[in-house]
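Please work through the exercises below with the sequence and the model at hand, and try each task before reading its solution.

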Amino acid sequence: MRIGSAEHKERFCRQFIDTHQRFDPETLPWPVLDDASLERMRTVPFWQEVLHTERRAGAIVRAFAETIADPLVREAVDLQGVEEERHAQLLSVMIRRYGLAAEERPLEAIGPDLHTAFTDFGYGECIDSFLGFGVFKIARESAFLPAGLFTIFDTLMLEETRHIVFFVNWMAWQEAARGRGAAWWRALVSAHYYGRAIRRLVGTIRAGQKANDGKDFSATQASVFLDGFTFRRFIEECYAENARRMADFETDLLRPRFLPSLARAALSGLRLLPAGATSAAKS
Ligand SMILES: [Fe+2]
Ligand SMILES: [Fe+2]
């Protein structure tokens, strides 16, 4: 199958559409939490940010879908928008149910260039998901929250994995359709967008630190679930979880490559360091 061909488009769109799951966030098996679990949930400072990100995602993806001429691609992107909206709903249900401190902030205007907004969003998702895989695994293993909640979040993670696989295939397909399918061009384009996404991520972290009045979540609260957390372990979990989740997809589809390659390079670098040096690099 040639990347950028009609067959490629058919494959990545069908794969996405056929694996869509129907469920209603209201009727998921939300567990009853004891006081200690509720307290831990309430110490997590980023629910508001996550809710905002998902609401913004739904708005960008659905608006972009309307501009797509190809009916199959439009159907798939619109379905992704539906899933993003449902992520926001799922978080709202959770916030209400467990009395978490998070409010809906007004959404900022998307701007007229929806193609760029969707592309920026897609690269951002590739980064967020890769890091999220590691955080999720570590939090789950340390039983930071009851297992029932992780089962619910797992559905969300599976959807994000489908989104980023769809996105990198869509990106390559539409670049090839514009006559820009060469590997060197794709590498250049993705370096450009990853650079932008990393700058945005750093901006969000800085803004979060400011909003928390300089109190760093990772330094104060995270020890609850980050027992034994080292930079090396975090990267290892991100890398391994990414590989495990990506193994569920057909091998002829493209997958995000930038962060797994970077992680592999970092891990081989860390292995050259003595064990004490890496545990000293606690995050
Ligand atoms: Fe989402
Ligand atoms: Fe997503």
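A residue is called buried when its relative accessible area is under 20%, exposed when it is over 50%, and partly exposed in between, with a 1.4 Å probe and protein chains only. This is a predicted model, in which local features need pLDDT of at least 70, side-chain atom pairs count only at pLDDT 80 or more, and totals for chains, interfaces and linings use all residues. Residues are numbered from 1 along each chain as its sequence is written, chains are lettered from A and ligands numbered from 1 in the order in which they are written, and side-chain values use heavy atoms, with hydrogens and water left out.

**Exercise 1.** Find how many helices and strands the protein has, and state what share of its residues is buried.

Solution. Begin with the elements, where helices (H or I, at least four residues) and strands (E, at least two) are DSSP runs numbered from the N terminus; the protein has 11 helices and 0 strands. Then turn to burial, and you find that 44% of the 283 residues are buried.

**Exercise 2.** Identify the protein donors of the iron ion (ligand 1), and locate Glu 54 and His 87 in the helices.

Solution. Donors are N, O and S atoms within 2.8 Å of the metal (3.2 Å for Na, K and Ca), and sites may look incomplete because water is not among the atoms. Glu 54 (OE) is listed twice for this ion, beside Glu 84 (OE), His 87 (ND1) and Glu 160 (OE), at 2.0 to 2.7 Å. The pair Glu 54 in helix H3 (residues 47–65) and His 87 in helix H4 (residues 71–98), 33 residues apart, links distant parts of the chain. Finally, both Glu 54 and His 87 are buried.

**Exercise 3.** Describe the coordination of the iron ion (ligand 2), and determine which residue coordinates both iron ions.

Solution. First list the coordinating atoms, which are Glu 84 (OE), Glu 125 (OE), Glu 160 (OE) and His 163 (ND1), at 1.8 to 2.1 Å. Along the chain these donors follow the spacing E-x40-E-x34-E-x2-H. Next place Glu 160 and His 163, which are separated by about one helical turn because they are 3 residues apart in helix H6 (residues 147–177); Glu 160 and His 163 are both buried. Last, compare the sites: the two iron ions are 3.4 Å apart, and Glu 84 coordinates both.
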